[in-house]
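Colleague: Could you take me through one part of this model up close? I'd like to hear how the packing there hangs together.

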Amino acid sequence: MEDINMKTCKYCGSSLYFIGELEGSIHFHCNYCELTFNIEETCENKRRKNVVPEDYDTNFYKTTKELLELNTIKLFYLLRECRASWYETLQRINFLTQEESLSSLTQEQIDTYIKPYYEEYEKITKQKFIIENILCEKAGFVPEKITEEFLLTVVDQGRKTVLKPMNIYVKNKSKLFQRKVAKSS
């Protein structure tokens with residue numbers, strides 16, 4: 001006999017109701033949350049969706065729209081990469097703009113060798129701000145420092161959360177409702 005997988009809401013764990021197919025995608029509805037999901041957004045049998053990615057993209061040059069679609073774990077990884085690149089670029093600029101270095105350069109050399117670093121620094125800084133602000137909206141904070149230990153903890157917490165099904169448990173539920181019935185008689 002085949003196991004039947006019940007489609008459940010990714011937020012509250014309620015059973016979903018099939019509402020039909022639209023543009024080649026099957027859709028379900030959650031009465032409790034009053035939301036509609038396509039089949040890819042649903043959970044099965046009250047199990048949570050796995051939000052911990054298997055691999056991490058290190059390219060932080062994405063559009064703001066693309067960054068908004070990423071989960072917080074991916075954003076933490078991107079922010080770590082972005083900050084490292086930002087700091088490296090800042091260090092290069094600081095080294096290249098030391099007075100001894102600048103005094104021997106012509107304006108053309110400055111424009112050719114140093115100006116691109118300033119442009120890159122401005123671009124990286126904007127990306128850093130975007131990722132930090134999206135994280136602030138999604139996670140409620142921006143980590144001052146993103147260490148390997150911090151990332152491992154976040155990933156571990158994500159994996160533990162996925163293992164917790166969305167079941168509603170009430171100890172002695174039958175006794176509770178029997179008592180109400182007995183008192184109203």
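Modeller: Start with Lys62: setting aside neighbours within four places in sequence, this lysine is in contact with Asp57, Leu67, Leu70, Leu78 and Gln127. Keep in mind that we're looking at a predicted model. Lys62 sits in the loop between strand E5 (43–44) and helix H1 (64–69). With a relative accessible area of 17%, Lys62 counts as buried, because the cut-off is under 20%.

Two of those partners, Leu67 and Leu78, lead straight into the largest nonpolar core. That core has 18 residues, and the ones touching the most other members are Phe60, Leu67, Leu75, Leu78, Ile131 and Leu135. Helix H2 (72–96), H4 and helix H5 (148–163) are the elements that give two or more residues to the core. H2 supplies the largest share, 7 residues. Apart from this core there's another one, of 5 residues, including Cys9, Leu16, Phe28 and Phe37.

Back in the big one, look at Leu75: beyond four places in sequence, its contacts are Leu67, Leu70, Ile131, Ile134, Leu135 and Lys138. So follow Leu135 next, which is found in helix H4 (residues 107–139). Leu135 counts as buried because its relative accessibility is 0%. Not counting residues up to four places away in sequence, Leu135 touches Thr72, Leu75, Phe76, Leu79, Gly140 and Phe141. Take Leu79 from that list: Leu135 and Leu79 are 56 residues apart along the chain, and their C-alpha atoms are separated by 9.1 Å. As general background, nonpolar side chains tend to be buried together in soluble globular proteins.

Note on methods. Residues are numbered from 1 along each chain as its sequence is written. This is a predicted model: local features need pLDDT of at least 70, side-chain atom pairs count only at pLDDT 80 or more; totals for chains, interfaces and linings use all residues. Side-chain values use heavy atoms; hydrogens and water are left out. Helices (H or I, at least four residues) and strands (E, at least two) are DSSP runs, numbered from the N terminus. Buried means under 20% relative accessible area, exposed over 50%, partly exposed in between (1.4 Å probe, protein chains only). Contact means heavy atoms within 4.5 Å. A nonpolar core is a set of buried Ala, Val, Leu, Ile, Met, Phe, Trp, Tyr and Cys residues joined through side-chain atoms within 4.5 Å.
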